[in-house]
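Student: I've got a model to go through and I'd like to work out how its pieces fit together. Can we take it question by question?

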Amino acid sequence: MLVAGCGHADEALSVGDYSCDSVPRPENVRLRLSTFSDDWFQVYESADGVYSIVEPYQLQETISHLIIGEDRALLFDTGVGLLPIKTVVERITSLPMIVLNSHTHYDHVGGNWEFSTVLAVDSDYTRANMDGFDNKRIAEDFLPEAFCKGAPEGSDPASFSTKPWKQSRYVQDGEVLDLGGRKLEVLRVPGHTPDALALLDVENRLLFTGDSWYDASLWLFAPETSLQDYEASISRLATLDGEVDFLLGAHNSARVDAGRLQAVVEAFRRIRAGDYAAETDDYNRLAIEIGDVRILTAQPALDGKQADISKGGSGLDKWPN
Ligand SMILES: [Zn+2]
């Protein structure tokens, strides 16, 4: 069954469906809304030393997480880029800043250009995305209907492109980033994109899942998505789910209780066994619902196909019909 809704997450997403009715998300209402918030960025205190910077008024409802140590801070994603995110970050901390992206889809790298230290995954896919995404590749997400209370003042959505950026150095799977009094382990979890990452903060029992998991329909339809890689990655993350208290994804809800990932692993087992029903939406995507798990994918992805990933991908590119 398809449910019309809004946000990155909901099924049958069409830009015209988006409204402000579902924001703020209930899970976010339970968190403390920080005074660092403004009219565009809603900043939630989602854990000790963690500020989740939500952009709730554009349909992606993207979340960038700022994680603060004693010596430096790490910004895990930089938002859609319509307004500068650095302004918000500088209100919160004056520590030296490291930027790392959960993946390089357009809606997570928009503010990368604002920062001098940007870590990245060593892949052709990532390097292609560093050139930025021009307006025609992302225009659909910046139509007037993509904003639930209008575009933010000072932005120009009709001509908006994401700016190019450069990496300072590459990160490896298993690498530990020491922020001083706080350590984050980098986990490469390809699938949603070839360069998808998660961050594990073992001591504080937090798992930052990026777009590999968030509390809504999982978008796994882009040509650069590999369902086979995704299944391996979500299985890996599921083994850590019991070691953390919270999952912090990159859309909609900033923080939810852990214990959700094994259901996704199980859903994939059923998909592989052909034990599922799928519905096609207006965008030629397939919506699959298994228990609480909702996946939005595409037939080529289910057939094991993946586009030429060396050319990058905005997250909005489609499989040709
Ligand atoms: Zn995303």
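Tutor: Sure. One definition before we start: two strands pair if DSSP finds at least two bridges between them. Also keep in mind that this is a predicted model.

Student: Okay, then which strands make up the open sheet of six strands, and in what order?

Tutor: Pairing tells you who sits beside whom, and in this open sheet the pairing is mixed. The edge strands, β9 (176-178) and β15 (256-257), each pair on one side only. Reading across the six strands, the order is β9-β10-β11-β12-β14-β15.

Student: Inside that sheet, which residue of β14 is the bridge partner of Leu207?

Tutor: Look at strand β12 (residues 206-210) and strand β14 (residues 246-249), which run parallel and are joined by four bridges. In β14, the partner of Leu207 is Leu247.

Student: Asn252 caught my eye. Is it buried or exposed?

Tutor: Asn252 sits in the loop between β14 and β15. Its phi is near 65 degrees, a positive value in a residue other than glycine. The cut-off for burial is 20 or more other C-beta atoms within 10 Å. Asn252 has 27 C-beta neighbours inside 10 Å, so it counts as buried.

Student: And what is phi for Asp77?

Tutor: Asp77 belongs to the loop between β5 and α2 (86-92). It counts as buried because it has 30 C-beta neighbours inside 10 Å. Asp77 isn't glycine, yet its phi is positive, near 90 degrees.

Student: Let's back up along the chain to β4. How many of its residues are buried?

Tutor: Take strand β4 (residues 63-68) one face at a time. Ile63, His65 and Ile67 on one side are buried, and so are Ser64, Leu66 and Ile68 on the other. Both faces are covered, and the count of buried residues in β4 is six of six.

Student: Which residue stands opposite His65?

Tutor: His65 is in β4, which pairs with strand β3 (residues 50-54) in the antiparallel sense over five bridges. Standing opposite His65 is Ser52.

Student: What about Ile68: which residue in β5 stands opposite?

Tutor: β4 also pairs with strand β5 (residues 73-76), in the antiparallel sense over four bridges. A hairpin joins β4 to β5 through four residues. Opposite Ile68, in β5, stands Ala73.

Student: Now the helices. How are α6 and α7 oriented: roughly parallel or roughly antiparallel?

Tutor: The axes of helix α6 (residues 227-240) and helix α7 (residues 261-272) come within 8 Å and cross at roughly 150 degrees. Angles over 145 degrees count as roughly antiparallel. That makes the orientation of α6 relative to α7 roughly antiparallel.

Student: How many nonpolar residues are in the contact of α6 with α7?

Tutor: From α6 you have Glu231, Ile234, Ser235, Leu237 and Ala238, meeting Leu261, Gln262, Val264, Val265 and Phe268 in α7. By class, two residues of this contact are polar and one is charged, while the nonpolar ones number seven.

Student: There's also an open sheet of four strands. Which of its strands stand at the edges?

Tutor: The order is β13-β18-β17-β16, with mixed pairing. An edge strand has a single partner, so one side of it is left without a neighbour in the sheet. The strands at the edges are β13 (218-220) and β16 (278-280).

Student: What angle does α7 make with β18?

Tutor: Start with strand β17 (residues 286-290) and strand β18 (residues 293-297), which pair in the antiparallel sense over five bridges. Ala287 stands opposite Leu296 in β18. α7 packs on the sheet and touches both β17 and β18, and the angle between the directions of α7 and β18 is about 55 degrees.

Student: One more: what is omega for the cis peptide bond?

Tutor: Pro24 lies in the segment before α1 (26-29). The cis peptide bond joins Val23 and Pro24, and its omega is about -5 degrees.

Definitions and conventions. Residues numbered from 1 in each chain as written. Predicted model: local features only at pLDDT ≥ 70, side-chain atom pairs only at ≥ 80, totals over all residues. Axes fitted to C-alpha atoms, helices over the stretch in contact; angles between N-to-C directions. Helix = DSSP H or I, 4+ residues; strand = E, 2+ residues; numbered from the N terminus. Parallel < 35°, antiparallel > 145°, perpendicular 65-115°, else oblique. Contact = placed C-beta atoms within 7 Å. Nonpolar A, V, L, I, M, F, W, Y, C, P; charged D, E, K, R; others polar. Buried ≥ 20, exposed ≤ 12 C-beta atoms within 10 Å, placed from the backbone.
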